[in-house]
Amino acid sequence: MSLENILVVGKDPKIQRLARPFTERLFSADDTDDTWQMIESIQPHLILVGSGISHNKLCSFLQISRAKCIDTPVVVIGDNDNPQHADHFISLGAYDYLKGDSDHQRLAQVIEKIKKGPAENQHDRTRYFCEDCPSSVSIVGRSGSTLKALKMVRLVAESSCNPVLIVGETGTGKELAARAVHILRHGPDKKFIAINCAALTANLLESELFGHVKGSFTSADREKTGLLELAGDGSVFLDEINTLPTELQAKLLRVLQEKTFRKVGGVEEIECKATIIASSNKNLSKEVKKGAFRPDLYWRLAICPIALAPLRAESRKDDILLLAEYFIKNSTVCPEKAARIKGLTTLAAQALQKHHWPGNIRELRNVIERAMLLETSNKIGLSNLILNPEQLAAGDDEPTNVGLKDFSLDRAEKELIAKALAEARWQKTRAAALLGITRATLYAKVKQYNIQQPSTQPAGAVSA
Ligand SMILES: Nc1ncnc2c1ncn2[C@@H]1O[C@H](COP(=O)(O)OP(=O)(O)OP(=O)(O)O)[C@@H](O)[C@H]1O
Ligand SMILES: [Mg+2]
C-alpha cells in the first residue's frame, strides 16, 4: 500500500524514516511556513506533520489548510500520548493522528483509508453532520436540537452580535460551539483565546484579562498585556462566566458597553476589538435571582443565546448512537481498533439510549473509548460498556458494572448471555441477535459457561 507523493513537514528524521516505505517520492519541508508553495507544486497525496513543530504552529497550519481548501489529508504525528491534543487536531481538520513516529502499522491503515478515496469521507460527512454544518466545523449530530443550535451558531456568527453567550450543561459542546462561532466569523487566522473563569483567583483573572502596568501590585515587576488586547480582532472565550467574581462582573460589563478597558493600575483606555464569547453551564437567570450574578451583565450577555440541549433531552436523543458511532470510528485511545470494531450490539445500543448522561457528550466519548479499550470482538457489547465507572472503584455489584476487585470479563459475559437468553425467552436466534453474535457462538458460550435454562421458563419458550 503506497502513495505517490508524501510530504513530511518538520526536521525530525524519524518521520521521514516512517514515511519512506510508503512512497517512492518523499518530499520534506523544515517548517510549516515553507510548505504552501511545495504543496502547490508537488500536489502531495498525504502530508505528515510531526513533533518538532510547535503546537500553535501545527494548529494554525491545519486551520490555514482548511481555509485554503487544501484537500490533501494531513496526518499529525504526536510525540506523546496526549489524546486531548489528538482530539483538538482532528477538530481542526487533521485527517488522523498517530501517537508516535514508529507506528508503521497504523500509518499503513491510514494510507489504506486514504486510498479508498473521498467517496467514503464524503459519506462520513453527510452521515454524521447535518447539511447546515459548515465543513470547517466538526459538530456531530443530526437531531432537531443540534440542527437548531447550528442554525443559531451560523446566524450569530454572521451577525455582529458581541458578546455571544453559549449555555448548556457540562459536556454539551459549548467550547466546540464557541470555536465554531469564532471560525465562522473570523476565519482560522485570527486568535481564539480561551480562559476558564473558575480556574483563577479574582486578582489573577483580572490581570490575565486586562493586563497590568509595572508596579501596580507587589509582584508586578513588568508590564503585562491582557488577553482582551492579545486577542486582537479574534475572540476571547470566557468559559464558566457564571463563576466570574462580582468585582470583575462590573469591569466586564464596562468592556462590553464601552468597548474599552484599562490595564490594572493603568490610565490609558485600550480598545477591545475582540468578540467576547461567554459560556455558562448554570442557568444564569437563576444565578441572577440568587444574587450571584449581576442582572445588568446578564441582560448584556443574553442578546441571542445559543442553547445546547443535554444528550438525554428528547430533542437530542437521536444524536446518541450517531455520536457513539462517530467516536468508535475516530477513537483516539484505540485508533488501531477503529477499522475492526463495526458498531454496537443491540443491547449496548439500547443501554446507551436509556442512560441519563449527566456528563453529556464528554461522558459518551469516554464510555466509548473505554469500551474500545476493553472490546476484543468486532462489536462493542454491553459487558464492556461501563456507564458508571465510579461504581467500579466503589465495588458496586451491578451486573454490568461489577466491582473492580472481582472484575472479570468472563463473569460479565456469562451474566450478559444469561440476561439476553432470559429476555429472549430462551429463543436462541433472538438472544444471539440481541447480543450481536451468531447462533453458533451463542451455543458455544452457553456450553462454555454451562448456562442452564431455568425450569420455571413458561411452556412454549423452547430454544430455537
Ligand atoms: N456535537 C459534538 N460532536 C462531536 N464532539 C463533540 C460534540 N459536542 C461535544 N463534543 C466533544 O465532547 C467533549 C466536550 O465538549 P466541550 O468541551 O465543547 O463541552 P462543554 O460544554 O464546554 O463542557 P464543560 O461545560 O464541561 O466545559 C469534547 O471532547 C468535544 O470535542
Ligand atoms: Mg467547556
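**Figure 1. Strand S1 and its partner S2.** Strand S1 (residues 5-9) is largely enclosed by the rest of the structure, because 4 of its 5 residues are buried. Like every view here, this one shows a predicted model. Alongside S1 runs strand S2 (residues 25-29), parallel to S1 and joined to it by 5 bridges. If you would like a pair to start from, find Asn5, whose bridge partner in S2 is Arg25.

**Figure 2. The whole chain, for orientation.** Before moving further in, it helps to step back: the chain holds 20 helices and 14 strands. Of its 464 residues, 37% count as buried. Among contacts with a separation of 6 or more, 66% come from residues 24 or more positions apart.

**Figure 3. Helix H8 and what covers it.** Helix H8 takes in residues 174-186. At 1.5 Å a residue, its 13 residues should span 18 Å, and the end C-alpha atoms are 18 Å apart, so the expected and modelled spans agree. The buried residues of H8 are Lys174, Ala177, Ala178, Arg179, Ala180, Val181, His182, Ile183 and Arg185. As you follow them along the helix, keep the geometry in mind: an α-helix has 3.6 residues a turn, so residues three or four places apart point the same way. The cover over the buried residues of H8 includes helix H7 (144-158) and the strands S6 (164-168), S7 (192-196), S10 (235-239), S13 (275-280) and S14 (306-308). Just after H8 comes Gly187, with a positive phi of about 80°.

**Figure 4. Strand S10 between its pairing partners.** S10, one of the strands that help to cover H8, is itself mostly covered, with 5 of its 5 residues buried. Which residues point each way from this strand? Ser235, Phe237 and Asp239 point one way, while Val236 and Leu238 point the other way, and all are buried. S10 runs parallel to S7, and 5 bridges join the two. Here Asn196 stands opposite Asp239 of S10. S10 also pairs with S13 in the parallel sense, over 4 bridges. For a landmark in that second pairing, look for Val236 and its bridge partner in S13, Ile276.

**Figure 5. The surroundings of ligand 1.** How many residues surround ligand 1? There are 17, and the closest are Val140, Thr170, Gly173, Lys174 and Glu175. Lys174 will be familiar from Figure 3, where it is among the buried residues of H8. H8 supplies at least two residues of the shell around the ligand, and so do helix H4 (83-91) and helix H16 (360-374). By class, the shell has 4 nonpolar, 8 polar and 5 charged residues. At least three shell residues come from each of domain 2 (144-308) and domain 3 (319-448).

**Figure 6. Ile417 and its contacts.** Our last stop is Ile417, in helix H18 (residues 409-423). Is this residue buried or exposed? Ile417 has 24 other C-beta atoms within 10 Å, and a residue counts as buried at 20 or more, which means that Ile417 is buried. Neighbours within four places in sequence aside, Ile417 is in contact with Leu435, Lys445, Val446, Tyr449 and Ile451. One of these, Ile451, makes a good pair to trace: Ile417 and Ile451 are 34 residues apart in sequence, and their C-alpha atoms are 8.4 Å apart in space.

Notes
Residues numbered from 1 in each chain as written. Chains lettered and ligands numbered in written order. Predicted model: local features only at pLDDT ≥ 70, side-chain atom pairs only at ≥ 80, totals over all residues. Expected span 1.5 Å × (residues − 1). Buried ≥ 20, exposed ≤ 12 C-beta atoms within 10 Å, placed from the backbone. Contact = placed C-beta atoms within 7 Å. Pairing = 2+ DSSP bridges. Near = placed C-beta within 6 Å. Nonpolar A, V, L, I, M, F, W, Y, C, P; charged D, E, K, R; others polar. Domains from an automatic or database assignment.
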